[in-house]
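Q: Hi! I'm new to this one and would love a quick tour. Could you walk me through it?

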Amino acid sequence: MSDRLTSPGTILKRIRDIRPVVHSITNYVVMNSTANALLAMGASPIMAHAPEELEDLSIISHALVINIGTLSSSWIASMHKACRIAKESGKPIILDPVGAGASKLRTQTAQDLVALYTPTVVRGNASEIMSLSPGGGSTRGVDAMHSVDDAVQEARSLAGTLGTVVAATGERDLVTDGARSFFVFGGDPMMGLVTGTGCAASVIVAAFVSMEKDAVAATTAALAFFGLAAQKAIPKSQGPGSFWMHTLDALYSVEPEELDAKARIVAA
Amino acid sequence: MSDRLTSPGTILKRIRDIRPVVHSITNYVVMNSTANALLAMGASPIMAHAPEELEDLSIISHALVINIGTLSSSWIASMHKACRIAKESGKPIILDPVGAGASKLRTQTAQDLVALYTPTVVRGNASEIMSLSPGGGSTRGVDAMHSVDDAVQEARSLAGTLGTVVAATGERDLVTDGARSFFVFGGDPMMGLVTGTGCAASVIVAAFVSMEKDAVAATTAALAFFGLAAQKAIPKSQGPGSFWMHTLDALYSVEPEELDAKARIVAA
Amino acid sequence: MSDRLTSPGTILKRIRDIRPVVHSITNYVVMNSTANALLAMGASPIMAHAPEELEDLSIISHALVINIGTLSSSWIASMHKACRIAKESGKPIILDPVGAGASKLRTQTAQDLVALYTPTVVRGNASEIMSLSPGGGSTRGVDAMHSVDDAVQEARSLAGTLGTVVAATGERDLVTDGARSFFVFGGDPMMGLVTGTGCAASVIVAAFVSMEKDAVAATTAALAFFGLAAQKAIPKSQGPGSFWMHTLDALYSVEPEELDAKARIVAA
């Protein structure tokens, strides 16, 4: 792990002390599971999409997550309003472009949100990330068609151009701001058999980014933390049902010291 | 336990015999988990928000739960319509003012619903309950800022003024109709690390209130039941994931006799 | 098992090889649990309701599931549009008429969808199926009021008239296209204590139907598979919470050979 980055355990400890509030405008499928991931790890979720209350809720939030998994026109309008408010108040925005590349609506919505509000972090699988480039590919639903390796150069370039941290997660995770790039190892293929694990990664990133200014350090730390929790869950699991339950338990029980000892973050 | 109250086990037995239908207009985050809580304990959930079907569904429902956790203007309109229908047909209404105090939209919506329809029971954390008073405080998201103790006087006064039963849940739960007040002991701090445990308490209260005219007896019984289920789950749990699973199992397996033997309901 | 039907294991093997994409426009309550059922068994879920992206998503989908559990007028419009697109491209449509019979809105919506688009399969409990007939009965919420036996004749007649496969699930499941009729044995009464098990059956049917032209064979195979998974979960379970977790694990771990050995499908 680069000694230039704040250690993952240090950031986790801040989360456990402060219990940052993460406001999500997210998809219906993962509202429950991502709220539970945040609570288990020591953060506090708010889910709200009504335009009338976005300003009030921004005041008590430490980060905003925008997840485009089940879009509709009224929710897109709320996403824009929430991003505008977050930008004005300097709150970090984490964008999860679920299914970008699979429909023009998703691709365009994600590209608009990136262009207009420069999220602090964009986290998706390689296909979703690549769809954000002008020459972006197509996506097979929410599954990854491209390897993380394919996406390294594109992610670096995209991050540099847009001024965001890009996290392309998969077998190994790539985190880059264009200048600095890291791989994060961990996790398990079983994560692909539980809905919303990518979305959970995004809200965990949001909690870490809300407690650490260096978004590259925060994002790598968050992914190392989630990957470690998943790895600890695997030996206890008989399938995706028990795996998710044990992952939630591990998000609760992993301590900062264990995270620092086991996180595998290497320069890419 | 006051011998003036119908015993919790007596009401639980009625639920298991009748399987009352609880209609919820609730937030997206907890629809699945609260439906599962109702089914596990022996009741029957309906989730529906379309104004076109509220009258039809009221006919087959034994209670109505209104939960304001993810509001929007069209859902607020449905909540009002459902409350009007429930009032006309004498069905109990249980209001869960999630996040009241955190945004003007939530506070105003909750205050309007209370003023217009006089719910049988209002259940929230201390902060949410206090926000329903004219001098109500502010809330840090869905977390409690005030202790139950702070809220005792205000809850009593609020219940008396409004003519509803008020249940302020927390480390210990307070249930009051203004004249009679009880503390219910049980539960576990782990409940705060699972999303929707408060919302689950509200639907469980609805099932009990639908089977017992004395709403104070029903509400204290429901909270004692849920608290006992949570306490039975704790020794089997390694974190919030397994805790919720074991709580659902305990809602299913706790028998009326055990509930009567272990419920701790004392005059406040 | 009739030797005229493609074996369940053969179809399951295709699913595990191809990982078909099942697009659902479904109710909020079960989005998470049905997505997880599809992923656990080896298929790939998409949830999307925005009219703007239905054509794009149809291209990458192998089947469409319409579930009317939490209707609203805008979602009904999306359901019609999605069905039109699926019909035009020859994709199978699976209709789950949740609560049909319980409200005029649900009954009418289900009858319209059946009449206009002739779904490949309609799966519901006996009450819901019977409500689709002109002389259809009333439903007590999402619970079954009629036995599967009551529904056999009506289901056969309905299937024949409408040209769809009808699956009436309950203690034992009936699958009929009017000409051929089968009972599928398996499952457990505990399934009635977990929300969305019927909805999970529907998405599993969709995955099977997307990989096998004979919709009767595919539907019986899907129900045998789900029933076997549930039966394998029961001995490990202490209640509905652990039951669902173990069912997800079993959807993941049941192999084609075991399914063929244990499926109980008999002519009705």
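Q: Which strands of chain A does helix 5 of chain A lie across?
A: Happy to help! This is a predicted model. In chain A, helix 5 (residues 104–117) lies across strand 3 (63–67), strand 4 (93–96) and strand 5. Helix 5 of chain A runs at about 160° to strand 4 of chain A.

Q: And what does helix 2 of chain A lie across?
A: Helix 2 (residues 31–41) of chain A lies across strand 1 (21–25) and strand 2 of chain A. The angle between helix 2 and strand 2 of chain A is about 155°.

Q: What's the strand order in the sheet of chain A?
A: The order is 2-1-3-4-5-6-7-8-9, in an open sheet of nine strands with mixed pairing. Strand 2 (44–47) and strand 9 (264–267) of chain A stand at the edges and have a single partner strand each, so one side of each has no neighbour in the sheet. From one strand to the next, the twist averages 20°.

Q: In what sense do strand 5 and strand 6 of chain A pair?
A: Strand 5 (residues 121–125) and strand 6 (residues 165–169) of chain A pair in the parallel sense, over five bridges. Within that pairing, Val121(A) has Val165(A) in strand 6 of chain A as its bridge partner.

Q: Switching to chain B: at what angle do helix 4 and helix 5 of chain B cross?
A: The axes of helix 4 (residues 73–89) and helix 5 (residues 104–117) of chain B cross at roughly 20° and come within 11 Å. That angle is under 35 degrees, which makes the two helices of chain B roughly parallel. Their crossing is right-handed.

Q: Which residues meet there, between helix 4 and helix 5 of chain B?
A: From helix 4 of chain B come Ile76(B), Met79(B), Cys83(B) and Lys87(B), and they meet Thr109(B), Leu113(B) and Tyr117(B) in helix 5 of chain B. By class, this contact of helix 4 with helix 5 of chain B has five nonpolar, one polar and one charged residues.

Q: Nice. What rotation superposes chain C on chain B?
A: A rotation of 120°, with 0.0 Å of shift along its axis, does it with an RMSD of 0.0 Å. The two copies are therefore related as by a three-fold rotation axis. Tyr28(C) comes closest to that axis of the residues of chain C, with its C-alpha at 3.8 Å.

Q: How many residues does each of chain C and chain B give to the contact?
A: Chain C gives 26 residues and chain B gives 26 residues. On the side of chain C that touches chain B, helix 10 of chain C has the largest share, four residues. That side of chain C divides into 11 nonpolar, 11 polar and four charged residues.

Methods. Residues numbered from 1 in each chain as written. Chains lettered and ligands numbered in written order. Predicted model: local features only at pLDDT ≥ 70, side-chain atom pairs only at ≥ 80, totals over all residues. Axes fitted to C-alpha atoms, helices over the stretch in contact; angles between N-to-C directions. Parallel < 35°, antiparallel > 145°, perpendicular 65-115°, else oblique. Left-handed = near helix turned anticlockwise from the far one by under 90°. Contact = placed C-beta atoms within 7 Å. Nonpolar A, V, L, I, M, F, W, Y, C, P; charged D, E, K, R; others polar. Least-squares fit on C-alpha atoms with pLDDT ≥ 70 in both. Pairing = 2+ DSSP bridges.
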